[in-house]
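Student: I've got a new model to go through. Can you walk me around it?

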Amino acid sequence: MPGGPRVNQLNLHEGVTQIQQEIVWIHWMMLIICAIIFVGVFGAMFYSIFMHRKSRGAVPAKFHEHVGVEIAWTVIPFLIVIGMALPATRTVVAMKDTSSADLTVKVTGFQWKWGYEYIDGPAQGVKFLSNLTTPRAQIEGTEPRSDTYLMEVDNELVVPVDKKVRIVLTSNDVIHSWMIPEFGVKQDAMPGFLRDTWFRAEKVGVYRGQCAELCGKDHAFMPIVVNVVSQEDYDNWAGEQKKALASAADDPNKEWTQDELIARGNTVYTANCVACHQANGKGLPGTFPALDGDEKYVLGPMKDQILTVLNGHPGTAMAAFRDQLNDVEIAAVITYTRNAWGNAGKGKDPVVQPADVKALR
């Protein structure tokens, strides 16, 4: 897998950051020290048991204490612990030093996707959601799986090579964890808190990770993909993103046609809703309700469905989308559900305009 583990890889990732390389060095250093201690202690013990057993006529020595031995087995372990602690402490302190960053990105964990917002630099103001793009057919086993199975997204985090990137993490719902093994980075994203970490990738390439904190039903479907590019390519990408952002800016005051809303809503539904409510709108019985034929919300007055999408549904896995989707996207996906499958626009308010969502936000 590009940016992932090699086939039959048993060791840690070699890493493309100094921190990860230090982690690997400390890992081997401590493993070797522990192996030497293990061989020394158990070797001496088994030698003593074998060579001084009763059947050989061994007679135990009679002594009470030895000051030199007492000092030795106190001082030597102390020196070993200090020798292990110093490089480990130095690396941990460096891992937490997020000062003097060249670029800051805010990362928000959602059930079950990641949100990225560039706080400064050429891409300042650019923000997007990063969703899993592995086809459901592969997940359900009806199609062959690709080399990047469950580790591919629609929008990658793009950063420049050899620059210190500060990642500020939070969560919109439950605890998530942002982990990229090649960077030596693993930091929890906690609701109501801001945590930060950093990395400086020394090699251009695509690097992959996953949410490393059990966060619910689709925990396994929260991949992280970071594309490390040259500074020139990053500047070009930032310019393109800003142009695209400006041209695609949604006007919540515009009157959208039903066909426009349904087409846009289909895209929004596929990216955000299909994992729980299924492509056919039937949901998962006992866990996620069906939208097809739902008379209470989907075929009822628009207000209740708008508020549910905006604020979630207390006591259920229905997430709040007010911070994930804008007014146009929410209006579009609601209109789509009201006209898709067997609903076919039969209920009240078959078309929901962005202004309707804006009024209830």
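Tutor: One term before we start: helices here are DSSP runs of H or I with at least four residues, numbered from the N terminus. Keep in mind that this is a predicted model.

Student: Fine. Where does alanine 344 lie, then?

Tutor: Alanine 344 sits in the loop between helix 8 and helix 9. Its phi is near 45°, which is positive in a residue other than glycine.

Student: Is alanine 344 buried or exposed?

Tutor: In between. Alanine 344 counts as partly exposed, because its relative accessibility is 46% and that class runs between 20% and 50%.

Student: Which other residue that is not a glycine has a positive phi?

Tutor: Leucine 150 is one, with a phi of about 65°. Leucine 150 belongs to the loop between helix 3 and strand 4 (157-160). This leucine is buried, at a relative accessible area of 14%.

Student: Back to the helices. What covers the buried residues of helix 7?

Tutor: The cover includes helix 8 (327-339) and helix 9 (354-360). The buried residues of helix 7, which spans 302-311, are Met302, Gln305, Ile306, Thr308, Val309 and Leu310.

Student: And what comes just after helix 7?

Tutor: Glycine 312, with a positive phi of about 75°.

Student: Switching to sheets. What is the strand order in the open sheet of 5 strands?

Tutor: The order is 3-2-1-5-8, and the pairing is mixed. Strand 3 (127-130) and strand 8 (195-199) are the edges, each pairing on one side only. On average, neighbouring strands in this sheet are turned by 25° against each other, direction ignored.

Student: In which sense do strand 5 and strand 8 pair?

Tutor: Antiparallel, over 5 bridges; strand 5 covers residues 165-171. Leucine 169 stands opposite arginine 195 of strand 8. As a reminder, strands of a sheet pair through backbone hydrogen bonds, either parallel or antiparallel.

Student: What about asparagine 131? Where is it found?

Tutor: In the loop between strand 3 and helix 3 (136-139). Asparagine 131 has a relative accessible area of 8%, so it is buried.

Student: What does asparagine 131 touch?

Tutor: Leaving out residues up to four places away in sequence, asparagine 131 touches Lys113, Glu152, Val153, Asp154, Ala271 and Asn272.

Student: Now tryptophan 112. Which loop is it in?

Tutor: The loop between strand 1 (103-110) and strand 2 (113-118). Tryptophan 112 counts as buried because its relative accessibility is 12%. The peptide bond leading into tryptophan 112 from glutamine 111 is cis, with omega near 5°.

Student: What is tryptophan 112 in contact with?

Tutor: Setting aside neighbours within four places in sequence, the contacts of tryptophan 112 are Cys215, Gly216, Lys217, Asp218, His219, Phe221, Met222 and Cys276. A polar atom of the tryptophan 112 side chain lies 3.3 Å from the backbone oxygen of cysteine 215.

Student: How far is tryptophan 112 from valine 206 in space?

Tutor: They are 21 Å apart, C-alpha to C-alpha, and 94 residues apart in sequence.

Student: Cysteines, then. How many disulfides does a search of the whole structure find?

Tutor: The search finds 0. Take cysteine 273: its nearest cysteine sulfur belongs to cysteine 276, 8.3 Å away. A disulfide needs sulfur atoms within 2.5 Å, so that pair does not qualify.

Student: Is cysteine 273 buried or exposed?

Tutor: Cysteine 273 counts as buried, at 15% relative accessibility. Cysteine 34, at 42%, counts as partly exposed.

Definitions and conventions:
Residues numbered from 1 in each chain as written. Predicted model: local features only at pLDDT ≥ 70, side-chain atom pairs only at ≥ 80, totals over all residues. Heavy atoms only, no water. Buried < 20%, exposed > 50% of the residue type's maximum accessible area, 1.4 Å probe, protein only. Helix = DSSP H or I, 4+ residues; strand = E, 2+ residues; numbered from the N terminus. Contact = heavy atoms within 4.5 Å. Pairing = 2+ DSSP bridges. Axes fitted to C-alpha atoms, helices over the stretch in contact; angles between N-to-C directions. Polar contact = N/O pair within 3.5 Å; in protein donor to acceptor, adjacent residues only side chain to side chain.
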